[in-house]
Amino acid sequence: MKAKTIVTGGCGFIGSNLVDRLIEDGHEVLVIDYKNSKSRKKYFKNPKAQYCSFDLAKDPYLYQDMFDGVDWVFHMAAEISVQYCVESPRDSLINNINSTVNVLDCARKSGVKKVVFSSTCAVYGNTLFLPSMETNSFDCLNSYSISKHTGEELCKMYSELYGLNTTSLRYFNVYGERQPDSGPYAPVMGIFFNQKKRKEPLTIVGEGYQTRDFIHVSDVVEANISAAIVDQKKYGEVYNVGTGINHSIENIANMISSFQVHLSPRDGEVMHSKANIDKIKKALNWEPKINLEEWINKKVKTL
């Protein structure tokens with residue numbers, strides 16, 4: 001099946017990798033990406049995709065007709081930086097929640113076949129129950145995780161009340177090609193490799209005892225494709241997208257460089273994360289393929 005698709009936030013790290021995969025598979029791709037996003041500065045474009053710039057959090061009459069005839073919508077656009085969301089809770093909540101409900105409503109009105117929503121493992125917060133299962137209780141520590149949990153609930157409501165086929169994917173810590181590597185909004189893996197490349201010390205927040213379940217962007221892309229292609233028994237469901245293996249930040253840093261310094265701990269961040277991926281394996285026939293240690297070793301050799 002060759003589908004007509006929309007990818008919101010398709011100029012960013014994960015979104016652009018998904019756009020490339022959709023184009024490679026022969027699908028028609030429209031990217032809606034608001035260039036004034038505070039969460040990143042780099043933009044990646046595929047010449048075979050169509051691009052439009054709209055603020056999805058504003059009145060959707062400006063872009064409603066773009067959803068007509070669309071098969072799949074991948075809603076990735078959001079203010080994603082935990083630090084920015086802690087500093088600007090009102091603005092980040094308005095942006096993320098309004099954009100999600102607008103996208104869902106446009107999809108409903110236009111008869112879109114499936115909507116795949118990008119959520120986050122941050123909804124689990126500082127849980128005592130690891131690995132995290134989709135049935136775990138929530139512990140949202142900041143406006144980012146609250147906005148994503150709200151997005152999941154909106155997707156569930158649109159499935160149950162309006163019959164819109166939605167799936168929410170809770171990403172754990174995504175790394176890989178095109179990951180941001182500088183600035184206050186970059187993830188730890190990108191920062192470490194940029195510091196290694198510049199022969200600077202790796203800046204470890206706190207003691208580095210925090211653990212994360214790192215998932216490669218290509219595996220995340222595959223999970224999105226599976227969510228769109230597979231006919232699920234029930235929609236409005238949520239699935240973890242991780243590896244089921246966690247690594248300490250200290251361990252990651254040691255694999256990259258022994259030249260290190262420590263920074264003060266940050267507020268609003270989770271200490272430990274690890275995914276249970278039994279549900280997505282069974283329902284979407286998906287499982288991760290990229291080995292973190294092998295990827296890091298190859299990357300280090302190129303620097």
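Biologist: Which backbone oxygen does the side chain of Asn136 reach?
Modeller: This is a predicted model. Asn136 sits in the loop between E5 and H4. Its side chain comes to 3.3 Å from the oxygen in question. That oxygen belongs to Phe129.

Biologist: Is Asn136 buried or exposed?
Modeller: Apart from its neighbours within four places in sequence, Asn136 is in contact with Tyr124, Thr127, Phe129 and Pro131. Its relative accessible area is 14%. The limit for buried is under 20%. So Asn136 is buried.

Biologist: How many aromatic pairs are there, and how are the rings of Tyr124 and Phe172 set?
Modeller: The search of the whole structure finds 8 aromatic pairs. In the pair of Tyr124 and Phe172, the ring centres are 6.3 Å apart. The planes meet at 35 degrees, so this pair is tilted.

Biologist: Which parts does the pair of Tyr124 and Phe172 tie together?
Modeller: Both residues are buried. They lie 48 residues apart in sequence. Tyr124 is in the loop between E5 and H4, and Phe172 is in the loop between E6 and E7, so the pair ties together those two loops.

Biologist: What is the angle between the ring planes of Tyr158 and Tyr162?
Modeller: These two are 4 residues apart in helix H4, so about one helical turn separates them. Their ring centres are 5.0 Å apart. The pair is tilted, because the planes stand at 45 degrees.

Biologist: Which of Tyr158 and Tyr162 is buried, and which is partly exposed?
Modeller: Tyr158 has a relative accessible area of 5%, so Tyr158 is buried. The value for Tyr162 is 41%. That makes Tyr162 partly exposed.

Biologist: Which residues form one aromatic cluster with Trp295?
Modeller: The cluster has a Tyr and two Phe residues beside Trp295. Its other members are Tyr175, Phe193 and Phe214.

Biologist: Why is strand E6 described as largely enclosed?
Modeller: On one side are Thr166, Ser168 and Arg170, all buried. On the other are Thr167, Leu169 and Tyr171, buried as well. So E6 is enclosed by the rest of the structure, with a buried count of 6 of the 6 residues.

Biologist: In which sense do E5 and E6 pair, parallel or antiparallel?
Modeller: The two strands share 6 bridges. Thr120 stands opposite Tyr171 in E6. The sense of the E5 and E6 pairing is parallel.

Biologist: Which residue in E11 stands opposite Arg170?
Modeller: Strand E6 covers residues 166-171 and is joined to E11 by 5 bridges. The two strands run parallel. Opposite Arg170 stands Asn240.

Biologist: How many residues of strand E11 are buried?
Modeller: One side of E11 carries Glu237, Tyr239 and Val241, and the other carries Val238 and Asn240. Both faces are covered. The strand is largely enclosed, because the buried count is 5 of the 5 residues.

Biologist: How far does helix H3 reach from its first C-alpha to its last?
Modeller: H3 spans residues 89-110, which makes 22 residues. At 1.5 Å a residue, 32 Å is expected. The helix comes close to that, with a reach of 32 Å.

Biologist: Which elements do the buried residues of H3 pack against?
Modeller: The buried residues of H3 include Ser92, Asn95, Val103, Leu104 and Cys106. Strands and helices both meet them. They pack against E1, E4, H2, E5, H4 and E6.

Biologist: Which residue just after H3 takes a positive phi?
Modeller: The phi is about 75 degrees. The residue is Gly111.

Biologist: How many disulfides does the search find?
Modeller: The whole structure was searched, and the count is 0. Cys121 is in no disulfide, with the nearest cysteine sulfur, that of Cys140, 11 Å away. The sulfur of Cys155 is 14 Å from the closest one, in Cys106, which is too far for a bond. The number of disulfides is 0.

Biologist: What is the relative accessibility of Cys155?
Modeller: Cys121 counts as buried at 11%. Cys155 counts as buried too. Its value is 1%.

Biologist: Is Asp181 buried or partly exposed?
Modeller: Asp181 is in the loop between strand E7 and helix H5. Among the residues it touches are Lys42, Ala186 and Ile191. Its relative accessible area is 24%, so Asp181 is partly exposed.

Terms used
Residues are numbered from 1 along each chain as its sequence is written. This is a predicted model: local features need pLDDT of at least 70, side-chain atom pairs count only at pLDDT 80 or more; totals for chains, interfaces and linings use all residues. Side-chain values use heavy atoms; hydrogens and water are left out. Buried means under 20% relative accessible area, exposed over 50%, partly exposed in between (1.4 Å probe, protein chains only). Two strands pair if DSSP finds at least two bridges between them. The expected span of a helix is 1.5 Å times one less than its number of residues. Contact means heavy atoms within 4.5 Å. A disulfide is a pair of cysteine sulfur atoms within 2.5 Å. A polar contact is a pair of N or O atoms within 3.5 Å; within protein, one must be able to donate a hydrogen and the other to accept it, and residues adjacent in sequence count only if both atoms are side-chain atoms. Rings of Phe, Tyr and Trp (its six-membered ring) pair if their centres lie within 6.5 Å; planes under 30 degrees apart count as stacked, over 60 as edge-to-face and the rest as tilted.
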